[in-house]
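Trainee: I should like to examine one residue closely and then see how other parts of the model are described in similar terms. Please take the residue first.

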Amino acid sequence: MQDVEEMTPLATPEGAVAEQPIFRDDEGELNQDFLAAVTDAIEASDSESLQKLVEDFHESDMGDLLEALEPDQRPRLIELLGSAFDFTALTEVDDAVREEILEELETETVAEGVRDLESDDAVTILESLDEDDKAEVLDKLPPMERVALQRSLDYPEDSAGRRMQTEFIAVPPFWTVGQTIDFMREGSDLPETFYEIFVIDPSGHLLGAVALDRLLRSKRPVTIQEIMNDAPDLVQATQDQEEVARLFERYNLVSAAVVDEERRLVGVMMVDDIVDVLEEEADADIKALGGVNSDEELSDDVFYTQRSRFPWLFANMCTALVAANVINMFQESLERMVALAILMPIVASMGGNAGTQTMTVAVRALATRELGRANAWRIIRREAAVGLLNGLVFATIMGTLAGTWFQSVELGFVIGLALISVLMFAALGGIFVPLTLNRLGVDPAVSSGPFVTSITDIVGFFSFLGIATAWFHL
């Protein structure tokens, strides 16, 4: 990408020379002057000025620019840039933005753009089309490319087969190092980036792999079979992408062969794709913990966002009604002692925060396989101990404050006991709920929140009001 700090002279309609605004400001945000210049060029259909503005842009920067533009300006930018537009940029935008853009573009334009992409990027774009448009775009591609892309699209969604690149280098085991190097030097259809040479038999079955560094360190007469790793890193094409990402993370892989059920080589997974998978999974987990649909994006419209958030808000309302019913059980106690109503939200809030802390750690540990049957009880005991210690500390602090505030040592003692109880239960609920849901086959990231909130609220209100009622004979 060009150095954004440089100022490139541009000719204005009057013949004067204007300086090109930088793309990003000092904080890395998109420069509004640059966005205005791009918008003006689009409105004026000035493809020459537009190309100078975005010349040599990285696809990630182009994706940021597309998202910053108004919806009707995005396809116009692509049309004005023509062959200069890299369709890889469409893999860098939100799904909703990509779908809106593709709906406005001609099928021929999409087919031309997809033709020059690596297979994994092409599949990402084709996934965003409806079935009719997808078939139409595939029909316009060369037969070899069409077959390779269709094979990737036939694999399950979120599988390694969908993420893999079908461009790779494979050679027979009897080739020499010299032959292999000469083949790579003379080949015109090599992958843009690769780290391994794969070794296959005449039927395409994977026999091994040779890392590039080992290949270049070997003498030319040496055969590939002599230096290959006959137990290469590989994944199944139908394997879930999250499992593949975990393998890359665990064994520090940069690439891995993708094979079908009969161990035939069908593609390769690269670390850059795994980074995207890890980001997507982390994003989905964070959204799920907040009761937000994992597919929700900032570019979604108001009504879709409202519908996606409604179910968990409704679930929270139902659990809140249960907690309210617990409060109603102690209505007379609250009427006789107003201080209880004042202090009650403190107990519930402390319990809720403590439960969320434990739940977040537990859900993340389950997602990364750090928490399982082997260490579950040790982690449960640790969280219970943390809850007890925090309960004792905050019972002392809040008991002293409440006793001083309401001039009642007994009231301070009551809220102290309640805090010890609720923080203990919050810690246990925060780990038991995700573990139980995970054991039942339910995604704990999606379902833990309402259950943990219910437990902490109900236990918090019941313990505080119950202890106060019994202590003061209300």
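Trainee: Is glutamine 407 buried or exposed, and what is its relative accessible area?

Mentor: Glutamine 407 is exposed, with a relative accessible area of 69%; buried means under 20% relative accessible area, exposed over 50%, and partly exposed in between, for a 1.4 Å probe and protein chains only. The model is predicted, so local features need pLDDT of at least 70 and side-chain atom pairs count only at pLDDT 80 or more, while totals for chains, interfaces and linings use all residues. Residues are numbered from 1 along each chain as its sequence is written, and side-chain values use heavy atoms, with hydrogens and water left out.

Glutamine 407 lies in the loop between α19 (376-405) and α20 (409-439). Helices (H or I, at least four residues) and strands (E, at least two) are DSSP runs, numbered from the N terminus. Although glutamine 407 is not a glycine, its phi is positive, at about 55°. Aspartate 158 is likewise a residue other than glycine with a positive phi, near 65°. Aspartate 158 is found in the loop between α9 and α10 (160-163), and at 39% relative accessibility it counts as partly exposed.

Another loop residue is asparagine 229, placed between α13 (224-227) and β6 (234-236). Asparagine 229 is partly exposed, at 38% relative accessibility. Leaving aside neighbours within four places in sequence, asparagine 229 is in contact (heavy atoms within 4.5 Å) with Leu207, Gly208 and Ala209. From asparagine 229 to glycine 387 the C-alpha distance is 50 Å, with their positions 158 residues apart in sequence.

Residues in helices and strands can be placed in a similar way. Valine 459 belongs to helix α21 (residues 444-472) and, outside its neighbours within four places in sequence, is in contact with Val422 and Phe425. Alanine 170 is in strand β3 (residues 170-171); it is partly exposed, with a relative accessible area of 27%. Not counting residues up to four places away in sequence, alanine 170 touches Phe198, Ile200 and Leu265.

Phe198 also appears in the lining of the largest cavity, together with residues including Phe168, Tyr195 and Met270. On a 1 Å grid over the protein atoms alone, a cavity is a set of points where a 1.4 Å probe fits but cannot get out, and lining residues have an atom within 4 Å of a point. The structure holds 1 cavity of 30 Å³ or more. The largest cavity has a volume of about 60 Å³, the volume being the space filled by probe spheres set on grid points that are joined across faces, edges and corners. The elements giving two or more residues to its lining are β4 (196-200) and β8 (265-270). By class, the lining has 8 nonpolar, 2 polar and 2 charged residues; Ala, Val, Leu, Ile, Met, Phe, Trp, Tyr, Cys and Pro count as nonpolar, Asp, Glu, Lys and Arg as charged, and the others, Gly among them, as polar.

Finally, a helix pair. The axes of helix α8 (residues 131-139) and helix α9 (residues 143-154) come within 9 Å and cross at roughly 150°. The two helices are therefore roughly antiparallel to each other. Lys134, Leu138 and Asp139 of α8 meet Arg146, Leu149, Gln150 and Leu153 of α9 in this contact, and these residues divide into 3 nonpolar, 1 polar and 3 charged. Axes are lines fitted to C-alpha atoms, for helices over the stretch in contact, and angles run from 0 to 180 degrees between N-to-C directions. Angles under 35 degrees count as roughly parallel, over 145 as roughly antiparallel, 65 to 115 as roughly perpendicular and the rest as oblique.

Note on methods
On a 1 Å grid over the protein atoms alone, a cavity is a set of points where a 1.4 Å probe fits but cannot get out, and a pocket is an open set with protein on both sides within 12 Å along at least five of seven lines; lining residues have an atom within 4 Å of a point.
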